[in-house]
Amino acid sequence: MSVTARSVSGVLGALLGADGLREDPAALASAAVDGVAPRWVAAPATLEQVAGVIALAREEGLAVVPRGSGTALEQGHPATRVDLVVDLRRLDAVVEHNPDDLTITVQAGMTAGALATRLAPHRQALPLDPPGWQARTLGGIAATQASGPLRMRYGTMRDLLLGVRFVQADGVATWGGARVVKSVTGYDVPKLMVGALGTLGVLTELTLRLHPVPAFEAAWLASFRSTAQAQDCVAALLESTVQPNRLEMLDDRALTACGLPVAAAALAISIGTVEPAVRAQELQLTDMVKRAGGRLETMGTSVWRAYDRTAASAGGVGLRIGTVPARLAATYAEMRAAFAGAAVTGCAALGALRARVDGVDAVAFARGLERLRAFVADVDGGVVVECAPRALREAVDPWGPVAAPALALMRAIKHEFDPTGVLNPGRFVGGL
């Protein structure tokens, strides 16, 4: 399709209809990315419309930013070009649900909360709970590799995604994973798409692995006088037969923000299975907490709703920190030294931490980030700026250093999937 005789607006309007194209100033301003407003907002309602929009964008050399709920727009390098925002929230249907096989195929604009409601009568769930998960679209969770406390037992989207339907940068719709196609043979396409920030393709459908909802679940808060004691308890838990589905470590500031009893450090723990097994594991847990010098308090499972609300509503700068469980206490201390006043939480068993930093200027932020990255580099860890104002992300590399061979591979994959740089240009690792 050529638009030499017609405007892009005219072609988009004919393709999407009156409900699918937004050009008024208010709509464009609300869709701005890092303060850069698009020229058009497309809201396709079908896979064919998505394909047509992307094909047009490639022909016209437009920079496309796929969008879900808009939760993670402050992730990655600041946007420099935003010609066309593709809002995928109208693609929100269940395509196919196989309860007996514990699989479901959904459109990418469906929210995790809507999916949970749909699955509840079947006592099934998609165990992904990143901050604010109920309002986040499943395509957005995949594109950002967002996760929460349930990753302790079930992993992340990378572990639960079986297949994807996506629109390539040339406007061709194809499958990867569960329905592998010739054009992407040789790649594990679902895993490539997870965390790629929409730079390799526009996700339209996801086939997901579900899990049964536990018959019974209980939650506890283990409080300690130091992060070292909490680390010792984590080590004991990992060596035991206790099988928590969540194991989050919180410092004193995070506990205060969540409205929980304040201590130097605490572990929020839940176990979900049949009730006799939960009670048997509770006895083991009580003993391990006591031996580590802590105190165990029974909490309602609503503690996780409070935890989620606090994480979703937190302002400031968000950091995602990768370390190892054996260095939890040292990493917490280094975090405090790099950023005074930070509140730190995270999956203790995996060393996957999250921090919130308030009131820091660009120079201090860059200095603290460099210090923290140097510290975790000793264990091949990293620090990603998960969200921050544009000025701070312009002062640093939000993704952190990447080895030259790995970056070269990323560039080669980007070139193969999007040779003209249509999709979310410049925002991913290395400016891809």
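A charge is said to sit over a ring if NZ of Lys or CZ of Arg is within 6 Å of the ring centre and within 35 degrees of the ring normal. R327 fits that description: its charged end sits over the ring of F375, 4.2 Å from the centre. This is a predicted model, in which local features need pLDDT of at least 70 and side-chain atom pairs count only at pLDDT 80 or more, while totals for chains, interfaces and linings use all residues. Residues are numbered from 1 along each chain as its sequence is written, and side-chain values use heavy atoms, with hydrogens and water left out.

Now for ring against ring. The structure holds 4 aromatic pairs (rings of Phe, Tyr and Trp, the last by its six-membered ring, with centres within 6.5 Å; planes under 30 degrees apart are stacked, over 60 edge-to-face, the rest tilted). Among them is the edge-to-face pair of W304 and Y307, at 5.8 Å centre to centre and 80 degrees between the planes. These two are 3 residues apart in helix 12 (residues 303–313), so about one helical turn separates them. Helices (H or I, at least four residues) and strands (E, at least two) are DSSP runs, numbered from the N terminus. Both W304 and Y307 are buried (under 20% relative accessible area; exposed is over 50%, partly exposed in between, with a 1.4 Å probe and protein chains only).

As for backbone angles, D380 has a positive phi, near 60 degrees, without being a glycine. D380 lies in the loop between helix 14 and strand 19 (382–387) and is exposed, at 76% relative accessible area.
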